[in-house]
Amino acid sequence: MAGKHDIELLWFADCPNHEAARALLREVVAELSPDSAIRDIDATDPGVAEQLRFPGSPTIRVDGRDVQPGFEDPADYTPCCRLYRTEQGLARIPPREWIESALR
């Protein structure tokens, strides 16, 4: 069982993918880190997106780190949908394994 983590779900209103990411994140956190709270952050406002260095929706961070292995900050924080490059191809939400790994 993992310890307590600082978990963030960042999203913007026009992205249809954050609901699926939220559901997956809640499921994984309940299993691996039930003492951890998820901060749900609306980064629709460009000022908020810039301040939080928001790379797209949905973004999941555990203890301040993006769950994507080898993540590189794109330095463009315009609110937009995010795609993840996975072994299975492009995905609209991060794979479960990435979240599990970040929590371990």
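**Overall fold and three residue environments in the predicted model**

Among the contacts that join residues at least 6 apart in sequence, 71% link residues at least 24 apart. The structure described here is a predicted model, and the values given below were computed from its atoms. The protein contains three helices and six strands, and these elements follow one another from the N terminus in the order β-α-β-α-β-β-β-β-α. The radius of gyration is 13 Å, close to the 13 Å that the globule rule gives for 104 residues, so the protein is as compact as a globular protein of that length. Taken along the principal axes, the box filled by the C-alpha atoms has dimensions of roughly 35 × 30 × 25 Å.

With respect to burial and surface, 42% of the 104 residues count as buried, while the protein exposes about 6000 Å², of which carbon and sulfur atoms supply 48%. The charged side chains comprise 12 positive and 19 negative ones, and the centres of these two sets lie 2 Å apart.

Attention was then given to individual positions, beginning with His5. This residue lies in the segment before strand E1, which spans residues 7-11, and His5 counts as buried because its relative accessibility is 14%, which falls under the 20% limit applied to buried residues. A polar atom of the His5 side chain lies 3.0 Å from the backbone oxygen of Leu103. His5 and Leu103 are separated by 98 residues in sequence, yet their C-alpha atoms are 7.3 Å apart in space. When residues up to four places away in sequence are not counted, His5 touches Ser33, Ser36, Ala37, Val62, Asp63, Ala102 and Leu103, so that Leu103 appears both in this list of contacts and as the residue supplying the backbone oxygen.

A second buried position is Thr59, which lies in strand E3 (residues 59-62) and has a relative accessible area of 0%. The side chain of Thr59 reaches the backbone oxygen of Gly56 at a distance of 2.5 Å. Beyond its neighbours within four places in sequence, Thr59 is in contact with Glu8, Leu9 and Leu10, as well as with Phe54, Asp66, Arg82 and Tyr84. Of these partners, Glu8, Leu9 and Leu10 have numbers that fall within the 7-11 range of strand E1, and Asp66 falls within the 65-66 range of strand E4, whereas Tyr84 falls within the 84-86 range of strand E5.

Gly70 presents a contrasting environment. This residue is located in the loop between strand E4 (65-66) and strand E5 (84-86), and Gly70 counts as exposed because its relative accessibility is 67%, which is over the 50% limit used for exposed residues. Gly70 and Arg22 are 48 residues apart in sequence, and the distance between their C-alpha atoms is 22 Å.

Definitions and conventions: Residues numbered from 1 in each chain as written. Predicted model: local features only at pLDDT ≥ 70, side-chain atom pairs only at ≥ 80, totals over all residues. Heavy atoms only, no water. Helix = DSSP H or I, 4+ residues; strand = E, 2+ residues; numbered from the N terminus. Rg over C-alpha atoms; globule rule 2.2 N^0.38 Å. Buried < 20%, exposed > 50% of the residue type's maximum accessible area, 1.4 Å probe, protein only. Contact = heavy atoms within 4.5 Å. Areas by Shrake-Rupley, 256 points an atom, 1.4 Å probe, with all protein chains shown as cover. Lys, Arg positive; Asp, Glu negative; His and termini not counted. Charge placed at Lys NZ, Arg CZ, Asp CG, Glu CD. Polar contact = N/O pair within 3.5 Å; in protein donor to acceptor, adjacent residues only side chain to side chain.
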